[in-house]
Amino acid sequence: MQKTSEQLSFMILENYIGGKFVPCRNYIDSYDPSTGEVYCKVPDSGKEEVEAAVAAAKEAFPDWSAWDPQQRARVLNKLADLIETHMEEFAQAESRDQGKTVTFARTVDIPRAVYNLRFFASSVLHHTTDCTQMDHVGCFNYTTRSPVGVAGLISPWNLPLYLLTWKIAPAIATGNTVVAKPSEMTSVTAWMMCKLLQQAGVPPGVVNIVFGTGPRAGDALVGHPEVPLISFTGSTATAQRITERSAPYCKKLSLELGGKNPAIVFADADLDQCIQTTVRSSFFNQGEICLCTSRIYVERSIYSEFLERFVTAAKKWKTGAPSDPSNNNGALISKEHLEKVRSFVALARSEGGIIHCGEGVDQLDLPEQNRSGYFMPVTVISGLSDSSRVMQEEIFGPVVCVSPFDTEDEAVARGNGVRYGLAATVWSQDVGKVHRMAKRLQAGLVWTNCWLIRDLNLPFGGMKNSGVGREGGKDSYLFFTEVKSVTIKH
C-alpha cells in the first residue's frame, strides 16, 4: 500500500522558551508504540537550551510572583478550559504517543490533567499561615510563604500530561516560574499545551518546556545553579543521579519513584469486588503506573479459588489496537521496555514459576498495521520465591505474581519485604484488621477494598526507595514555597 506524502512527513516539535517556539539543532526520533514506526521528531536539547529557558524563567519571576493569587488562579482555570475544549485531540495524541488506549486517555489522562489545573487554582487560595503571641516578652510571631524561584520539573512517559500538569499547576499557582522537561518518548501533549499558554494568559517565561533526554537536557536542568527546586517522577536510579547533581546546591527535592506494590487478600474479602478491582490494579494502562499491583498475597484457604477466578478474569482483559474501544490495554512504551518486561517473564519461567496466561502462553490477534507494535498480553505468574528478582524489582508492565500466605504477620512481613514502599491494597471485611494492616504496611498510600481512589488534598508519595517528600494540596503548597518566621516586638 503506497503511503501518502502526509503519512511520510513527521511532526517536528520545538522547545517553548520565553513564550516562543524555538527550533533545535538536533532531534530525536519518537515512535508510535502501536506500530513501531517513527512518527515524530523531538528536540535533543542540551545545556544551551536549558540556559535559555532558565534565563527566561528568571526574567519572568519578579512580575509573576507579584501577581495576586486569584489572578494566577484565573489563568490556570482558563488553561484547564482550553485543554478541555480540545479534549479529543489531546486524547488521540496521548494514545498515539504513549501506546495507551484512546479510551484510557479520554477517560483518565486528559480529564485528570484538566482537574489538576482546576484543583490547584482553587486550593492555593485556601492555605493559611501561622501566628503566635508571646505576651510575656511583648512579641508577636507570624509566618509568611513566598515562591522559591525557578522550578525544575521532570515528568515521566507513563501518564504524560497528567503528571506534567500535576507539577506545573502547583508550581505556577504559588508564584514560581518553571522549566519543565517531559520524557523524550512522550512529548507531544506537552507541546500541544504550549500552544494554548498564551491564549490562557500565561505571560512569556512563566512556563518553559525543554524537550530532550535525561542525560542531556535533564542533567543540565538539575545541575543548574539557578534552579533551586526539582520535582521529579521516574525511576529510583535516575533519582539517585538527580540527588548527586543537586547536592552541591542544596536544592529542594521532591522525588516520586517506583513501586512494587502488594495486594493482600484475606479469606473474608468480597472476592467478586476484589478480583474485578485487582485485575484493574494489576493491568491498568498496560501495568505502566507506579501504583499498579505487582504482587498479590492471598490467604491460603481461598488461594486456589482466587487464582482460578483471577486468571479467568485476566484472560478477558483485551490487549490490542489502542483505537479499538473494546480493548483494555494498548502497547507498551518502547521496544526496549517490552523486551525488559518479557525478560522478567522468561526469568520467572526459568526459576520454575507457572505462567497461567499471557506472555508465551496466549497469542495476540493484532490488526496488520499493529503487528510491529510493542504489545504484550496480561500475564499472571505463581510459584515464585519472594527472593526472586521478579518479586523484588519493579517490572512496570502487565505482569503480576500471586502467592499464598498463612498469617497476618506473614502477610505484613512479605508485603514489606521489598526496597519499595509506594502503595498497598488490603482486602478484608474486618474493620480492625484493615486498620492494623494499614498501620503496619510500609507504604505511602494504603487502599482497603478499593484502588486508585485519590483525594488530591492528601499527601502523595512513598517510603523507602519509592521517594522523598510528598505532593498534594497542602504538601505541594509547602514544597513550592519557602517559609519565613517573623517576630515583632511591640
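How many helices and how many strands does the secondary structure of the protein comprise? In this predicted model, the secondary structure amounts to 16 helices and 23 strands. The legends below begin with the whole chain and then turn to single elements and residues.

**Figure 1. Overall view of the predicted model.** The radius of gyration of the protein is 23 Å, close to the 23 Å that the globule rule gives for 490 residues, so the protein is as compact as a globular protein of that length. Along its principal axes, the C-alpha trace spans about 75 × 70 × 40 Å. Of the 490 residues, 57% are buried. Among contacts between residues at least 6 apart in sequence, 74% join residues at least 24 apart.

**Figure 2. Surface and charges of the protein.** The exposed area of the protein is about 20,400 Å², and carbon and sulfur atoms supply 52% of this area. The protein carries 49 positive and 53 negative charges, and the mean positions of these two sets are 3 Å apart.

**Figure 3. Close-up of helix α6, residues 160–173.** At 1.5 Å a residue, the 14 residues of α6 should span 20 Å, and this agrees with the 20 Å that separates the C-alpha atoms at the helix ends. The helix is mostly covered, with 14 of its 14 residues buried. After α6 comes G175, which has a positive phi, near 105 degrees.

**Figure 4. Close-up of D44 in the loop between β5 and α2.** Strand β5 covers residues 37–43 and helix α2 covers residues 47–66, with D44 in the loop between them. Is D44 buried or exposed? D44 has a relative accessibility of 18% and therefore counts as buried, since the cut-off for a buried residue is under 20%. Residues up to four places away in sequence aside, D44 touches C24, N26, Y27 and I28, together with F211, T213 and R216.

**Figure 5. Close-up of V188 in helix α7.** Helix α7 runs over residues 188–200 and includes V188. The relative accessibility of V188 is 2%, so this residue counts as buried. Which residues are in contact with V188, leaving aside neighbours within four places in sequence? They are M11, L13, Y39, C40, A93 and D97. A further residue, A55, lies 133 residues from V188 along the chain, and the C-alpha atoms of V188 and A55 are separated by 24 Å.

Key:
Residues numbered from 1 in each chain as written. Predicted model: local features only at pLDDT ≥ 70, side-chain atom pairs only at ≥ 80, totals over all residues. Heavy atoms only, no water. Helix = DSSP H or I, 4+ residues; strand = E, 2+ residues; numbered from the N terminus. Expected span 1.5 Å × (residues − 1). Buried < 20%, exposed > 50% of the residue type's maximum accessible area, 1.4 Å probe, protein only. Rg over C-alpha atoms; globule rule 2.2 N^0.38 Å. Contact = heavy atoms within 4.5 Å. Areas by Shrake-Rupley, 256 points an atom, 1.4 Å probe, with all protein chains shown as cover. Lys, Arg positive; Asp, Glu negative; His and termini not counted. Charge placed at Lys NZ, Arg CZ, Asp CG, Glu CD.
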